[in-house]
Amino acid sequence: MSIDAITEYINSYGYIILFICLFFGIVGIPAPEESLLFLTGILVSHHHLSMGESLIYSELGAFLGMLTAYFLGKYLGKPFVNRYGHYFGLTSEKWKTIEKRYRGNAHKAIIFGYYLPGIRQISPYFAGIAHISFRYFFCFSLIGSIIWTIPLILAGYYTAKVIYINPKYVPYFGVVLFVLFLIQLLWKKMLPKNKRNLK
């Protein structure tokens, strides 16, 4: 869905569109979540939306999306992995290794995974499949959703106060974040090789 279409829907139907886009974006249906949050801040700056309601609906959409994905993973994920995992090279031994690693870093994956496209969609399913404590998941996903939605909306808001931003260019904000994420991954993979070469 394009930003133009989302903007039109927001103007027509209001804050519920923010909730729906963020909810389904977390559950796994593609949506430009970062761009949408940044755009929301811009629209708030231009008095098209209310800051308070934008923050509430965005936060609820992201948070409830995480909880929904968690329960889907908990009750449907394990049978899916057992039945179809071998088609993806995911044997029971590999899954045990992945589960062990995830459990050791679950809090980081849940909180900071919001900022990583793909990870924020996979993380709650993993948490459910690995039977991470619901209370544990609830607390960390709530914290993560707050420190993800609010800063991005405020970034759009204050940026629009300083310079004029054409909403048509907002999708590139998400692209830039994704490129930076890929660069970071490549750097981490190349870093051990560079250290070995230096030695």
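Below is a short chat about how some labels on this predicted model are earned.

User: Let's start with the fold. What makes up the protein chain, in helices and strands?

Analyst: The protein chain has nine helices and zero strands. Read along the sequence, the pattern is α-α-α-α-α-α-α-α-α.

User: How much of the chain is buried, and how much area does the chain expose?

Analyst: Buried residues are 38% of the 199 residues in the protein chain. The exposed area is about 11,700 Å², with carbon and sulfur atoms supplying 68% of it. As for contacts with a separation of 6 or more, 80% come from residues 24 or more positions apart.

User: Now the helix pairs. Why is α2 called roughly antiparallel to α3?

Analyst: Start with the angle: the axes of α2 (residues 16–27) and α3 (residues 33–45) cross at roughly 155°. The label needs an angle over 145 degrees. The value of roughly 155° passes that cut-off, so α2 counts as roughly antiparallel to α3.

User: What else describes that pair?

Analyst: The two axes come within 10 Å, and α2 passes α3 in a left-handed crossing. In general, the angle and the distance between the axes are what describe two packed helices.

User: Which residues meet there?

Analyst: From α2 you get L18, C21, L22, G25 and I26, and they meet E33, L36, L37 and T40 of α3. By class, the contact has six nonpolar, two polar and one charged residues.

User: What makes T40 buried?

Analyst: T40, in helix α3, has a relative accessible area of 0%. Buried means under 20%, so T40 at 0% gets the label. Leaving out residues up to four places away in sequence, T40 touches L18, L49, S54 and I153.

User: And S141, how do you know that S141 is buried or exposed?

Analyst: Same kind of check. S141 sits in helix α8 (residues 134–162) and has 0% relative accessibility. With the cut-off for buried at under 20%, S141 counts as buried.

User: What does S141 touch?

Analyst: Not counting residues up to four places away in sequence, S141 touches F63, M66, L67, I110 and Y114. I110 is 31 residues from S141 along the chain, and their C-alpha atoms are separated by 5.8 Å.

User: Which residues of α7 are buried?

Analyst: In helix α7 (residues 119–129), the buried ones are R120, Q121, S123, P124, A127, G128 and I129.

User: On to the backbone. What makes H47 worth a look?

Analyst: Its phi: H47 has a positive value of about 65° although it is not a glycine. For background, most residues other than glycine have a negative phi. H47 lies in the loop between α3 and α4 (51–84).

User: Why is H47 called exposed?

Analyst: The cut-off for exposed is over 50%. H47 comes in at 69% relative accessibility, so H47 counts as exposed.

User: What is the phi of H131, and where is H131 found?

Analyst: H131 has a phi near 55°, positive in a residue other than glycine. H131 is found in the loop between α7 and α8, just after α7.

User: Then why is H131 called partly exposed?

Analyst: H131 has a relative accessible area of 45%. Buried would need a value under 20%, and exposed one over 50%. At 45%, H131 falls in between, so the label is partly exposed.

Terms used
Residues numbered from 1 in each chain as written. Predicted model: local features only at pLDDT ≥ 70, side-chain atom pairs only at ≥ 80, totals over all residues. Heavy atoms only, no water. Axes fitted to C-alpha atoms, helices over the stretch in contact; angles between N-to-C directions. Helix = DSSP H or I, 4+ residues; strand = E, 2+ residues; numbered from the N terminus. Left-handed = near helix turned anticlockwise from the far one by under 90°. Contact = heavy atoms within 4.5 Å. Nonpolar A, V, L, I, M, F, W, Y, C, P; charged D, E, K, R; others polar. Buried < 20%, exposed > 50% of the residue type's maximum accessible area, 1.4 Å probe, protein only. Areas by Shrake-Rupley, 256 points an atom, 1.4 Å probe, with all protein chains shown as cover.
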